[in-house]
Amino acid sequence: APYATNMLPLRGSAFPSGRGSPTAPAWQSRSAMLNVTRQAPSGCRRAAAAVGAGTADMRTLSDFAAAGAPFGSELVHACRAVRLAAMLCKEVQTQLGDAEKEDKSDDSPVTVADYGAQVLVAWVLQKSCAPARLSMVAEEDSTTLTAPEGRAMLERITALVNSVVAEEEPGTQLSTDDVVSLIELGDSDGGPSGRHWVLDPIDGTRGFVGMRQYCICLGMMQDGVMQLGVLGGPNLPTGDISDDDGGPTAMARSGDDAVGSLFLAHKGFGAYSVQLRLKPSDPLSRLHVATGGDVSAARMMESYESRHSSHSFAAAVADELGITTPSLRMDSQVKYGLLARGDEARIFMRFPPSTYREKIWDHAAGVVVVEEAGGKVTDACGDPLDFSLGRYLDSMKLGIIAAPAALHPSVVGAIKAVSAKQEGVL
């Protein structure tokens, strides 16, 4: 029977959303936070050890389950979900108009593609775990769409979703009620117990609207630990990256054969990449972060827009490290993918405004990919990121840094030095 016939009960009171209203943390001074006692996160140590031990390479997606990976089948579903979401996003980006986007309360845009991508991911994952209700921590909710003024957008989203569903499963169609039900599956608060998927349907929506880079980001957390990460970058080349690839001409090349990257990782079993046009039988490429070389020879990556991260503070840190190469500015978590595959840009730094609350979906999937490639991701004090605290990374201090394990201590030291000179800048 078509999946749509099983959707309506999901909107009942048997599945309360219970998001709650988390309170913003009391921010400490940078000097105080940078001088706390730190211990390297066990996840980073484990990931580096696994890579160093030379875990057997997976040739295709089916090899994960065959090799005893506990979440091998879930990884297959996750890759399928991201691939379908990417198909919808590519179609929308080529014809995006003002009627298909709006601004949220935090002044960030949301488009029909954000909603549509979330629906498709929820559709795939809910089918894989039925009859249990999917627990997913996701960015979008249905509030706007269920209001009378949102009806036209809801119908447009439903049509877009069905164009992909019909290709994937001929004869299956979703109603507008089904679409709302699927969006509402993203209402989980996550937490330290059980299984929770973590989704940013379009990370880098400003980049998406600006015809730049964006990413569909899906992770899976089991009992408070991130186990899977999948990143889909429809506009990201599979080969060498230039500065132009971060700018507004990126979308124009999205139809090229060498454009469209999928990154995937399973905790303890490595990180891999493949063309986004993924088939289960396609060969995977094992990823390793770049090793060797002095930190001064590395290139830094940062957010394309300064509203997302302090470019001036990052420049001061780069200067402290002796880095002279201009930074690579790019939207979304594709930066984690570039770091994992050993590109020239080896260091990612993000320093958001002190009033901004970092969400777990902005980093969860990318962190798994980088750590399984042998990198290290922490907050700016060098402490591990805790994704088990709910929808927000409220334990994060100052910002986020990702780098090869050998370079990471130097970056933390440089941040500490610059912070001492510029107290109160962030």
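In this predicted model, strands E4 (residues 195-203) and E5 run antiparallel and are joined by 7 bridges. One contact to look for is Val198, whose bridge partner in E5 is Gly219. Strand E5 also runs antiparallel to strand E6 (residues 225-237), again through 7 bridges. Here Met221 has Met226 of E6 as its bridge partner. The hairpin of E5 and E6 has 2 residues between the strands, and Asp223 takes a positive phi near 50 degrees in this hairpin.

Strand E5 itself spans residues 215-222, and because 8 of its 8 residues are buried, the strand is largely enclosed by the rest of the structure. Cys215, Cys217, Gly219 and Met221 point one way from E5, while Ile216, Leu218, Met220 and Gln222 point the other way; all of them are buried.

Turning to the aromatic rings, a search of the whole structure finds 4 aromatic pairs. In one of them, Phe64 and Tyr272 meet edge-to-face, with 5.6 Å centre to centre and 85 degrees between the planes. This pair links distant parts of the chain, since Phe64 belongs to helix H3 (residues 62-66) and Tyr272 to strand E8 (residues 270-275), 208 residues apart. Both Phe64 and Tyr272 are buried. Phe208 and Tyr214 form another edge-to-face pair, at 4.8 Å centre to centre and 90 degrees between the planes. Phe208 is buried, with a relative accessible area of 0%, and Tyr214 likewise counts as buried at 0% relative accessibility.

Two further rings have a charged residue over the face. Lys127 lies over Trp123, at 4.1 Å from the ring centre, and Arg357 lies over Tyr392, at 3.8 Å from the ring centre.

Terms used: Residues numbered from 1 in each chain as written. Predicted model: local features only at pLDDT ≥ 70, side-chain atom pairs only at ≥ 80, totals over all residues. Heavy atoms only, no water. Phe/Tyr/Trp six-rings, centres within 6.5 Å; stacked < 30°, edge-to-face > 60°. Helix = DSSP H or I, 4+ residues; strand = E, 2+ residues; numbered from the N terminus. Buried < 20%, exposed > 50% of the residue type's maximum accessible area, 1.4 Å probe, protein only. Lys NZ or Arg CZ within 6 Å of the ring centre and 35° of its normal. Pairing = 2+ DSSP bridges.
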